[in-house]
Amino acid sequence: MRKLACTYVKIVDGFNRGLGRIIMWGIFGLAAILLWSSISKTFFNPSLWTLEVAQFAMVAYYVLGGPYSIQMGSNVRMDLFYADWSHKKKAWFDAFTVLLLIFYIGVLIYGALNSTAYSLGYFGKNSLEFYRDLIVAFVTGGPDAATEVMGYIERSPTAWRPFLWPVKFIMLFGFVLMLLQCISELIKDIARIKGETV
């Protein structure tokens, strides 16, 4: 069991560390989009796409960088009492709070699953059934069959009208990565309580 836990922590931490280091450069992409927005509004016709692309880039930056932030312990923490505690007491407290975070992220994943299904044209109550039908249709009949399962694809109500499913999928993917990272942190906290390292 210990070997399995160590392998899980190594894989999840490695993936989230690599993705987080790539995503942290995304701030320059966001700055470039906002710079172009300012230039186009000042000297040319304003670009319709810049505000929404900046919002989508910020969502990706925040949500995909979240697991790395959790891993590095750079999330906001109240150190009034925590700083003076022993390592074991900190591990107990961290294990308890990460369980609360796992519950919260579970709720976010549930909402993101429903929201992504809605953006792909599903208006029912069981989004998991929709995803199953979508995957089966894609595997058995290809993209055309999958398109038949989907309904009206949600678009933004702005003049540019981009599809919303890509950003919703990125949010869902980021929440799943955060959940995996929280489980990794819980494993490390339990190991610290036992006096071990993972």
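**Helix crossings, salt bridges and a surface patch**

Let me begin with Trp 160, which sits in the loop that runs between helix 6, residues 127-149, and helix 7, residues 165-193. Please keep in mind throughout that what we are looking at is a predicted model. With a relative accessible area of 34%, Trp 160 is partly exposed, and it belongs to a nonpolar patch on the surface, in which its partners are Trp 36, Phe 43, Phe 44, Leu 48 and Trp 49. Together the residues of this patch present about 680 Å² of accessible area.

The loop between helix 6 and helix 7 also holds Arg 161, and here the backbone deserves a look, since phi of Arg 161 is near 55°, a positive value in a residue that is not glycine. As for its surroundings, Arg 161 has a relative accessibility of 34% and therefore counts as partly exposed, the limits for that class being 20% and 50%.

Let me turn now to the way the helices pack. Two packed helices are described by the distance between their axes and by the angle that those axes make. Helix 5, which covers residues 87-119, and helix 6 have axes that come within 9 Å and cross at roughly 55°, which makes helix 5 oblique to helix 6. The crossing in which helix 5 passes helix 6 is left-handed.

The other pair I would like to show is helix 1, residues 2-23, with helix 7, where the axes come within 9 Å and cross at roughly 135°. That angle makes helix 1 oblique to helix 7, because an angle has to be over 145 degrees before it counts as roughly antiparallel. Here, too, the crossing is described as left-handed, with helix 1 passing helix 7.

Staying with helix 7, I would point out Met 178, which lies in that helix and, at 10% relative accessibility, counts as buried. The C-alpha atom of Met 178 is separated by 12 Å from that of Arg 17, although the two residues are 161 residues apart along the chain.

That leaves the charged side chains. Side chains of opposite charge can pair when their charged atoms come close, and a search of the whole structure finds seven salt bridges. One of them joins Arg 192 to Asp 94, with the closest N and O atoms 3.1 Å apart. Because Arg 192 lies in helix 7 and Asp 94 in helix 5, this pair ties together parts that are 98 residues apart in sequence. The two partners differ in their exposure: Arg 192 is partly exposed, with a relative accessible area of 36%, whereas Asp 94 counts as buried at 11% relative accessibility.

Which other acidic side chain does Arg 192 meet in a salt bridge? The partner is Asp 189, at 3.8 Å from N to O, and both residues lie in helix 7, three residues apart, or about one turn of the helix. Asp 189 is buried, with a relative accessible area of 5%. Elsewhere, salt bridges that share partners join Asp 13, Glu 185 and Lys 188 into one network.

To close, there is a salt bridge between the side chains of Asp 133 and Arg 132, at 3.1 Å from N to O. In this pair Asp 133 is partly exposed, with a relative accessible area of 32%, and Arg 132 is likewise partly exposed, with a relative accessible area of 48%.

Notes:
Residues numbered from 1 in each chain as written. Predicted model: local features only at pLDDT ≥ 70, side-chain atom pairs only at ≥ 80, totals over all residues. Heavy atoms only, no water. Patch = residues over 30% accessible without salt bridge, like charges linked within 9 Å, V, L, I, M, F, W, Y side chains within 5 Å. Areas by Shrake-Rupley, 256 points an atom, 1.4 Å probe, with all protein chains shown as cover. Salt bridge = Lys/Arg side-chain N within 4 Å of Asp/Glu carboxyl O. Helix = DSSP H or I, 4+ residues; strand = E, 2+ residues; numbered from the N terminus. Buried < 20%, exposed > 50% of the residue type's maximum accessible area, 1.4 Å probe, protein only. Axes fitted to C-alpha atoms, helices over the stretch in contact; angles between N-to-C directions. Parallel < 35°, antiparallel > 145°, perpendicular 65-115°, else oblique. Left-handed = near helix turned anticlockwise from the far one by under 90°.
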